[in-house]
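Colleague: Could you take me through one part of this model in detail? I would like to follow a single helix pairing and then see what surrounds it.

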Amino acid sequence: MTSARGAPGRGAPQSFTGRVFNAWRDPRGTMRGVLDTDPGEGRILMFAMTSGALLFMAECFRIMVQAADATASLNRLSASFAASFTALLVLRPLVLYGLAAVTGVAARAAGGTGSWRETRAAICWAALAAAPVSALATIGETLLRRSGFADVALAPIGVAAFAGMLAYCVAEAHGFSRVWVVFSIVAGITLAVWGLALSVEG
């Protein structure tokens with residue numbers, strides 16, 4: 001497979017699952033392979049929903065382990081599952097689309113050439129590729145805390161995985177030769193959102 005911008009896809013598998021795993025070996029080539037399939041809006045949304053489903057399964061594991069230790073009531077369990085489902089499979093895709101809109105504006109202002117649809121595909125594909133790492137981090141943190149390591153926090157691993165994958169995917173979608181450009185864009189957006197949140201809380 002050959003990238004539209006001249007970078008070879010380096011043999012990215014054609015299967016969906018294969019591409020997800022191959023993303024960690026060749027993130028830019030795999031992203032180019034996804035874009036070359038010309039994904040429609042339904043498929044892009046599927047990336048977002050599938051990533052949320054993987055995280056939801058890990059969150060269900062965490063809730064059940066904590067409930068077993070605390071002997072939570074059925075109503076409390078149901079509320080926890082419902083809240084996690086809403087956050088990860090309803091609100092999270094909306095957040096990813098919002099992130100794609102902001103990232104698209106910033107990337108194009110920095111000279112990016114990707115379309116709005118390509119930006120959405122890059123953000124949602126990055127979320128899907130990073131989801132297994134985030135899910136394993138959640139499961140690992142739950143097991144370690146249950147074993148007595150109460151201060152262990154593995155969630156940053158998932159955040160770092162998403163940030164790194166996002167940088168590579170958006171760089172490919174917008175034709176940036178250097179990934180640090182996208183890291184700078186993402187960092188700027190993060191700081192702006194963080195500053196806004198702090199000002200609102202103040």
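Which residues in H4 meet which residues in H5?

Modeller: Happy to! This is a predicted model, in which local features need pLDDT of at least 70 and side-chain atom pairs count only at pLDDT 80 or more, while totals for chains, interfaces and linings use all residues. Residues are numbered from 1 along each chain as its sequence is written, and side-chain values use heavy atoms, leaving out hydrogens and water.

On the H4 side, the residues are Arg92, Leu96, Tyr97, Leu99, Ala100, Ala101, Thr103, Gly104, Val105 and Arg108, and they meet Trp116, Thr119, Arg120, Ile123, Cys124 and Ala127 in H5 (contact means heavy atoms within 4.5 Å). Sorted by class, this contact holds 10 nonpolar, three polar and three charged residues (Ala, Val, Leu, Ile, Met, Phe, Trp, Tyr, Cys and Pro count as nonpolar, Asp, Glu, Lys and Arg as charged, and the others, including Gly, as polar).

Now the geometry. H4 covers residues 74-109 and H5 covers residues 116-146 (helices are DSSP runs of H or I with at least four residues, numbered from the N terminus). Their axes lie 9 Å apart, at an angle of about 130 degrees (axes are lines fitted to C-alpha atoms over the stretch in contact, with angles from 0 to 180 degrees between N-to-C directions). H4 and H5 are therefore oblique to each other (under 35 degrees is roughly parallel, over 145 roughly antiparallel, 65 to 115 roughly perpendicular, and the rest oblique). Their crossing is right-handed (the near helix is turned clockwise from the far one by less than a right angle).

H5 also has a second partner. With H6, H5 packs at about 160 degrees, the axes being 8 Å apart, so these two helices are roughly antiparallel. H5 passes H6 in a right-handed crossing too, and the contact counts 18 nonpolar, four polar and two charged residues.

Both H4 and H5 take part in the largest pocket, as do H3 (41-70), H6 (155-174) and H7 (179-201), each giving two or more residues to its lining. The volume of this pocket is about 680 Å³ (a pocket is an open set of points on a 1 Å grid over the protein atoms alone, where a 1.4 Å probe fits, with protein on both sides within 12 Å along at least five of seven lines; lining residues have an atom within 4 Å of a point). Among the 24 lining residues, Arg92, Ser134, Gly158, Val159 and Phe162 are closest to the pocket centre. Arg92 thus appears again, having been listed in the contact of H4 with H5. H5 supplies the largest share of the lining, seven residues. The lining as a whole divides into 16 nonpolar, four polar and four charged residues.

How values were computed. Points joined across faces, edges and corners; volume = space filled by probe spheres on them.
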